[in-house]
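Let's walk through this model together, starting with how far to trust it and then moving from one element to the next. Keep the viewer open as you read.

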Amino acid sequence: MSTKDRSDDPNHNGKTAPNRSILEDASFAELLDQYEPETMRRGQYVTGEILKISQNVILADVDAKRTAIVPPQEVMEIDEAELARLSAGDEVVLYVLSTPKGDEDLLVSLKKGMEKRDWLTAEARLASEEPLELEVIGHNKGGLLVSFGHLHGFVPASHVPQLQNVRDPYLLQARKAEIMGEELLLKVIEVDSKRRRLVLSAKKAQKEQRQQRLREFKLLEGETITGRITNLVNFGAFVDLGGIEGLIHVSEIAWQKVEDPAEYLTLGEYVEVEIMSVDTDRERISLSRKELLPSPWELFEQGHNIDDLVEGEITNVKDFGAFALVDDAIEGLIHVSEMHGK
């Protein structure tokens, strides 16, 4: 049909019919608009695939209208070794730094995304109660700081066997400094990402190991062992026996009456002790230093005979007589019947 014939056609509106390919393109664009992902919002965590890594920028596909960009200033802050472990095609978690408008770039944070993954890992560890080894990287008034991926975890001093019995603040600080750089077996006991609170315990993680060690020491009751004095308190001295502590009660430090353990023992010194008893249920090891020292009674017996005259210092007076100190740790009784001459 000619152009003239079309104008005479009653069904013709006088307009040129649109090209079919244009209609198809328009329909595809409408469908694309319907299925395009919504705009990324600030504070949102998204999963993406790394497209490119350079010294200045990291590009990632996050299934959005535009490519996500990790800005240069953050790329420079990422540890070189960690950056080297990343490559194109890796799946990563990213944090949206700002809501892009118009042609603005979609800026994201890889560091915050890494932290998010660590929080999820911490929550998984809390649920599974599986222990892990972490390095001690610092300490504060309350305990130790450990490295948990990109997070800092806190281990209260009461949850560290080497610190839980230390009361002297100066000694506690010194002991914390000694642990710096060590790796501790720990269990996650609290996770709160909103408060950025991650708490761990060495005591809980080492409970099974401690029980095994206690069972081993139980077999050594009555044996002699060498340990290092780790703390002095008014009721005795704590001794490190190789990853587990025992207590020398004040009554087992010496044959003499001990008022101050520091007069007989020094922090850090190595001392031989006898394993008196091991209570696996209460997790206590009782030690004695006195049992390995010469008995003053035996020494006195060896140096004196019956009817020998000795000088003594009256230490106590009772209705039935008086007590007299006749040697360093030997106290005798003068019965009332022996106080006056015949």
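The pLDDT is the predictor's confidence in each residue, on a scale from 0 to 100. You will want that scale in mind, since this is a predicted model. The mean pLDDT of the protein is 84, and 88% of its residues reach 70 or more. Among the elements, strand β10 (residues 197-201) has the highest mean, 97, while helix α1 (residues 3-8) has the lowest, 45. Over residues 1-26 the pLDDT is below 50, and this stretch has four contacts in the model beyond near neighbours in sequence. Where pLDDT is low, the predicted coordinates should not be read in detail.

Let's begin with helix α6, which spans residues 169-179. Which of its residues are buried? They are L171, L172, R175, K176 and I179. These residues lie on the same side of α6, because they cover an arc of only 140° around the axis. The spacing has a simple background: an α-helix has 3.6 residues a turn, so residues three or four places apart point the same way. As for what they pack against, the partners of the buried residues of α6 are β6 (132-139), β7 (143-148), β9 (183-192) and β11 (224-233).

Both ends of α6 reward a closer look. At its start, a side-chain oxygen of D168 comes to within 3.0 Å of the backbone nitrogen of Y170. Just after the helix, G181 takes a positive phi of about 90°.

Now follow two of those packing partners, β6 and β7. A hairpin of three residues joins β6 to β7, and the two strands pair in the antiparallel sense over three bridges. Within this pairing, G138 stands opposite L145 in β7. On the other side of the story comes strand β8 (residues 151-156), which pairs with β7 in the antiparallel sense over six bridges. Here V146 has G153 in β8 as its bridge partner. The hairpin of β7 and β8 has two residues between the strands, and in it G149 takes a positive phi near 65°.

From V146 we can step across to strand β10, where L198 is found. The C-alpha atoms of L198 and V146 are separated by 10.0 Å, although the two residues are 52 apart along the chain. Is L198 buried or exposed? Its relative accessibility is 3%, so L198 counts as buried. Not counting residues up to four places away in sequence, L198 touches W119, A122, F148, L151, H152, G153, F154, V188, E190 and V191. G153 is thus both one of the contacts of L198 and the bridge partner of V146.

Next, turn to the barrel. How do its strands follow one another? Five strands close into it in the order β11-β12-β13-β15-β14, with mixed pairing. Neighbouring strands of this sheet are turned by 50° against each other on average, direction ignored. One of the pairings in view is that of β11 with strand β12 (residues 236-240), which is antiparallel over five bridges. In that pair, I229 has V239 in β12 as its bridge partner. Helix α8 (residues 207-218) lies across β11, β13 (245-249), β14 (270-279) and β15 (284-288), and runs at about 100° to β14.

Strand β11 also holds N231, which is buried because its relative accessible area is 3%, under the 20% cut-off. Leaving aside neighbours within four places in sequence, N231 is in contact with N165, V166, R167, L171, G236, A237, F238 and L267. Notice L171 among these contacts: it is one of the buried residues of α6, the helix whose buried residues pack against β11.

Finally, two loop residues deserve a look at their backbone angles. Most residues other than glycine have a negative phi. E129, in the loop between α5 (110-128) and β6, has a positive phi of about 60° although it is not a glycine. E283, in the loop between β14 and β15, likewise has a positive phi, of about 55°, without being a glycine. How do their surroundings compare? E129 is exposed, with a relative accessible area of 53%, whereas E283, at 16% relative accessibility, counts as buried.

Methods. Residues numbered from 1 in each chain as written. Predicted model: local features only at pLDDT ≥ 70, side-chain atom pairs only at ≥ 80, totals over all residues. Heavy atoms only, no water. Buried < 20%, exposed > 50% of the residue type's maximum accessible area, 1.4 Å probe, protein only. Helix = DSSP H or I, 4+ residues; strand = E, 2+ residues; numbered from the N terminus. Arc of directions from axis to C-beta. Contact = heavy atoms within 4.5 Å. Polar contact = N/O pair within 3.5 Å; in protein donor to acceptor, adjacent residues only side chain to side chain. Pairing = 2+ DSSP bridges. Axes fitted to C-alpha atoms, helices over the stretch in contact; angles between N-to-C directions.
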